[in-house]
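Work through the exercises below with the structure open beside you. Try each task before reading its solution.

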Amino acid sequence: MVFRKSSFYVLVLILLSIWIFAFSVSDNLQIVACDVGQGDAILIQHKNNQVLIDGGQDKKVLDCLGRHMPFFDRQIEMVVLTHPDLDHFGGLIDVFSNYKVLKFGTNGKDVSKEEYRVLVNWVGGMDVEQVTLTSGMVVRLGLIYLDIVHPAATLEINKEQNIEGDSNNQSIVMVLNYAQFKALFTGDVENDVSDQLSNNIKVNNLDYIKVNHHGSRNGLSENLLKAVNPRFAVISSGFKNRYGHPHAEILEILKKYDVNVLRTDEIGDIVIETDGQTFWQKNNSLF
């Protein structure tokens, strides 16, 4: 009887904790640039809808998801892999192993890298809807809208060419729309694609940009920065990484246009929160 009573009280406490947590979940949208070292992993969440863009190079992404997703929510509505480079897909097998993922979006490019083939085979054996994301498509998850602006659909037709050296420039680039708030996620596209994107009206006057290619000098172009005209620029890079990211040239351009720069190598996870009208940097224990 004593065991039964104690078990009952534990169950009540668990249910009460879940109830309290559920009602404390914010109505705001959050963008979390995860500190995954030298790589990208960005969590977008609104209530019980989550989109994970890339997964870093190892299981550090799980630590970030554990810090920011409700502990009882074990489902991610969509994972997007911008392009098949290890520092973007390396942690995704761990994500698929620990969470139920409903959709997996890629650029349709098939590569021969052994590590990537492991991921492809793993996901292929699961009940996951796979989607090729190309320019002109719009993904909607609740009040989250993702407008795909790159690459062009011709990539799907020409994927058998397997041009591995051009992986960065085939990154999925998307604009997040949440009420009046807009953000640009650039993958690792380089200068030429940055300049092309600057002519797309959909990237004009946004609030937030994830800086291309971890702040590499051959990533963000000045033309794209002028078009986006963001308040916040987020750079995801590893502490004292061997590439020297972010490069001084990119930091100077951002300073020139008076953009608030937030770096994962300096402050850890970067959380931006918005009610759809205003937006702000949310404090967290890593700052």
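The exercises go from the whole chain to single residues, and the model they use is predicted.

**Exercise 1. Overview**

Task: State how many helices and strands the chain has, and what share of its residues count as buried.

Solution.
- Step 1. Count the elements: there are 10 helices and 15 strands.
- Step 2. Turn to burial. The chain has 287 residues, and 53% of them count as buried.
- Step 3. Look at the contacts between residues at least 6 apart in sequence. Of these, 66% join residues at least 24 apart.

**Exercise 2. Confidence**

Task: Find the mean pLDDT of the chain, then locate stretches where the pLDDT is below 50.

Solution.
- Step 1. The mean pLDDT is 89, and 85% of the residues reach 70 or more.
- Step 2. Go to residues 20-24. Here the pLDDT is below 50, and the model shows four contacts beyond near neighbours in sequence.
- Step 3. Go on to residues 156-165. The pLDDT stays under 50 there too, with 14 contacts beyond four places in sequence.

**Exercise 3. The open sheet**

Task: Give the strand order of the seven-stranded sheet and explain what sets its edge strands apart.

Solution.
- Step 1. Trace the order: S7-S8-S9-S10-S11-S12-S13. The sheet is open, and its pairing is mixed.
- Step 2. Check the ends. Strand S7 (138-141) and strand S13 (260-263) each have a single partner strand, so one side of each has no neighbour in the sheet.
- Step 3. Add the twist, which averages 20° from one strand to the next.
- Step 4. Recall how such strands pair: through backbone hydrogen bonds, either parallel or antiparallel.
- Step 5. Apply this to one pair. Strand S12 (residues 232-235) and S13 run parallel, joined by four bridges. Val234 has Leu262 in S13 as its bridge partner.

**Exercise 4. The two sides of a helix**

Task: Show which residues of helix H5 are buried, and explain why they line one face.

Solution.
- Step 1. Helix H5 covers residues 114-124; Tyr116, Leu119 and Val123 are buried.
- Step 2. Look down the axis of H5. The buried residues fall within an arc of 55°, so they line one face of the helix.
- Step 3. Turn to the face directed away from that buried side. Glu114, Asn121 and Gly124 are exposed there.
- Step 4. Ask what the buried residues pack against. Their partners are helix H3 (86-89), helix H4 (92-98), strand S5 (100-106) and strand S6 (129-132).

**Exercise 5. Salt bridges**

Task: Take three of the 12 salt bridges in the structure and say how accessible each partner is.

Solution.
- Step 1. Start with Asp147 and Lys202, whose side chains meet at 3.5 Å, N to O. Asp147 is in strand S8 (residues 144-150), and Lys202 is in the loop between helix H7 (191-197) and strand S11 (208-210), so the pair ties together parts 55 residues apart in sequence.
- Step 2. Compare with the cut-off: buried means under 20% relative accessible area. Asp147, at 14%, is therefore buried. Lys202, at 38%, is partly exposed.
- Step 3. Next come Lys256 and Glu222, at 2.7 Å, N to O. Lys256 is in helix H9 (residues 248-256) and Glu222 in helix H8 (residues 222-228), 34 residues apart. Lys256 is exposed at 58%, while Glu222 is partly exposed at 28%.
- Step 4. Finish with Arg263 and Glu266, at 3.3 Å, N to O. Arg263 is buried at 16%, whereas Glu266 is exposed at 55%. Shared partners join Arg263, Asp265 and Glu266 into one network of salt bridges.

**Exercise 6. Backbone details**

Task: Locate the cis peptide bond from His150 and the one that joins His245 to its partner, then place two residues with positive phi.

Solution.
- Step 1. The bond from His150 to Pro151 is cis, with omega near 5°. Pro151 is in the loop between S8 and helix H6 (154-157).
- Step 2. His245 and Pro246 are also joined by a cis bond, with omega about -5°. Pro246 is in the loop between S12 and H9.
- Step 3. Lys47 is not a glycine, yet its phi is positive, about 55°. Lys47 is in the loop between strand S2 (42-46) and strand S3 (49-53), and is partly exposed at 44%.
- Step 4. Asn229 has a positive phi near 50°. Asn229 is in the loop between H8 and S12, and is partly exposed at 47%.

Conventions. Residues are numbered from 1 along each chain as its sequence is written. This is a predicted model: local features need pLDDT of at least 70, side-chain atom pairs count only at pLDDT 80 or more; totals for chains, interfaces and linings use all residues. Side-chain values use heavy atoms; hydrogens and water are left out. Two strands pair if DSSP finds at least two bridges between them. Axes are lines fitted to C-alpha atoms, for helices over the stretch in contact, and angles run from 0 to 180 degrees between N-to-C directions. pLDDT is the predictor's confidence in each residue, from 0 to 100. Contact means heavy atoms within 4.5 Å. Buried means under 20% relative accessible area, exposed over 50%, partly exposed in between (1.4 Å probe, protein chains only). The arc is that of the directions from the helix axis to the C-beta atoms. A salt bridge is a side-chain nitrogen of Lys or Arg within 4 Å of a carboxyl oxygen of Asp or Glu.
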